[in-house]
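Hi,

Here is the structure I said I'd pass along. Have a look at it first, and then read on for what turned up.

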Amino acid sequence: MVYAAYGVSGLTSIVGTFYVKDHLDLSPEFLAALLFWAGIPWALKMPVGHVVDLIWRWKAALVWLGAAMIAASLLVMVAVILHADAMRRVMSLEDWYVLSALLGPTGYMIQDAVADAMTVEAVPRLDENGKPYDEATRKSMHTTMQTLGRVALIGGLALVAAANIYVFHGTDSLDKEAKAALYASVYLAALIIPVISVLGVILHHFLKHEREAVEKTRPNWAVLGGSAVFVALTLAVGFGGAPYAEELIFAGSLAVILFLLWRLARELEPAARDALVATAIVLFLYRAVPLTGEGATWWMIDVLGFDEAFQAKLALITYALTLVGMFALRGFMARHSIAAIVVVLSVAAAVLALPTIGMYYGLHEWTARHSGGLIDACTIMVFNTALESPLGQIAMIPMLAWIANSAPANLKATYFAVMASFSNLALAASQLGTIYLNRVFVVKRGDYSDLGALMITAAVLTLLLPLVAVAGVRLLRLRTA
């Protein structure tokens, strides 16, 4: 239910994009920086994960806390849209938007730390005869479990994508005020999200069954101390307005997480330790690839005419095909190493970036001219989305299965949180790279002259960074999980 609620959070994604574009004076560079800060709470999964282990019997309280923060984030946006003047008297609408953008991810992160640990617990270590499962069987079970988790998440996204098609049908004729009222109603409807997440807690009381007894978790002061340093550094730099704040936070976060990974690696066998290092390097550089930023989305809206209704249809296609792709490729993910999967996905992502780049230079006009209007921008985007849809989630499943399979029984939430924090820190690196790219290639509303070079650069980095990581690991004669 937590994962499904996180999927349903996509209900506000289209509304958020159009509201920011039409009502707030925020640049693509600022929005990339905001995404960086919104990703920081996910690095805080370290202390939260350890707290989950320490208070395992009362973990439901953290789900309720996360739900409260998600509800607060949504209500802030409702107030900003419906009562803009009153909200401005307290602080600017941009500041309220930033507050909402930070509250929501924090709530989702707290709930996610609980759900992640429960996916580890859900896979038994012993068979019905009390014998440990072999490594291949456990890997397969964890892959299945993580696939089901992604199914819940993507299922929620697909559900709201279908709802968005209905919500945004015929919105072209609405004026600015009517659209704002519609956006507010979507945020109000999104209050179902925290309700869905806590339904899992309620259902749990009727579905309890026996679990393996595990050793009681003792406080790990290295994890708590390192996390305290990280939180203090983040707050000091963030509120202190220090120059190069994002870079300082990233460097400090990386140092703390690497220290915690080193402490965890000390408890592993040499072969497992080498696999941890190799897998961490490959996954970090794969997820650290910079993106084009919001400028590309604005170009699709302004130039290609992809309105709210089309964006909703595109999202539904994306999530439906992602569900199909995850089941179809589950065997591929279970049989191959993470390095092999990353190479395949990186090449595919770079190739699939070409149609969008081509449309910037007029590909859709040429195809429409030679096909009697049949193959236009919408057709190309739908076809490209159909091929690209499963890639992101397919990369996540083997990573999550590996983390779950490696986690000690009494430190499942802690281990999952530290590894997930490292992976999420790679997304922060991606956002930093996105900020830098948007400084070099400046994209403004209505001025997309630098967008082509920006998209080409991002596509090249999408291909090269992961391949360099895999090649480096091979040169060091290390094997990934």
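In which kind of crossing, left-handed or right-handed, does H12 pass H13? Keep in mind as you look that this is a predicted model. The crossing of H12 past H13 is right-handed. The axes of H12 and helix H13 (residues 270–287) lie 11 Å apart, and the two helices pack at an angle of about 155 degrees. Angles over 145 degrees count as roughly antiparallel, and H12 and H13 are therefore roughly antiparallel to each other. On the H12 side, the contact is made by Phe 250, Leu 254, Leu 261 and Ala 265. H13 brings Arg 273, Leu 276 and Phe 284 to that contact.

Now for H12 on its own. This helix covers residues 245–265, and its 21 residues should span 30 Å at 1.5 Å a residue. The C-alpha atoms at its ends are indeed 30 Å apart, so the two values agree. Quite a few residues of H12 are buried, among them Ile 249, Val 256, Ile 257, Leu 260 and Leu 264. Phe 250, Leu 261 and Ala 265 are buried too, and these three also take part in the contact with H13.

You can check helix H9 (residues 176–189) in much the way you'd check H12. H9 has 14 residues and reaches 20 Å from its first C-alpha to its last, close to the 20 Å expected at 1.5 Å a residue. Its buried residues are Lys 179, Ala 180, Leu 182, Tyr 183, Ala 184, Val 186 and Tyr 187.

Next, charges. Side chains of opposite charge can pair when their charged atoms come close. How many salt bridges does the structure hold? Just one: Arg 88 pairs with Asp 85, and their closest N and O atoms are 2.9 Å apart. Both residues sit in helix H6 (residues 84–88), three residues apart, which is about one turn of the helix. Asp 85 counts as exposed because its relative accessibility is 53%, while Arg 88, at 47%, counts as partly exposed.

One last spot to look at is Thr 356, in helix H18 (residues 354–360). Is Thr 356 buried or exposed? Its relative accessibility is 13%, so Thr 356 counts as buried. Leaving aside residues up to four places away in sequence, Thr 356 touches Trp 299, Met 300, Met 381, Asn 384 and Met 455.

Cheers

Note on methods. Residues are numbered from 1 along each chain as its sequence is written. This is a predicted model: local features need pLDDT of at least 70, side-chain atom pairs count only at pLDDT 80 or more; totals for chains, interfaces and linings use all residues. Side-chain values use heavy atoms; hydrogens and water are left out. Helices (H or I, at least four residues) and strands (E, at least two) are DSSP runs, numbered from the N terminus. The expected span of a helix is 1.5 Å times one less than its number of residues. Buried means under 20% relative accessible area, exposed over 50%, partly exposed in between (1.4 Å probe, protein chains only). A salt bridge is a side-chain nitrogen of Lys or Arg within 4 Å of a carboxyl oxygen of Asp or Glu. Axes are lines fitted to C-alpha atoms, for helices over the stretch in contact, and angles run from 0 to 180 degrees between N-to-C directions. Angles under 35 degrees count as roughly parallel, over 145 as roughly antiparallel, 65 to 115 as roughly perpendicular and the rest as oblique. A crossing is left-handed if the near helix is turned anticlockwise from the far one by less than a right angle, and right-handed if clockwise. Contact means heavy atoms within 4.5 Å.
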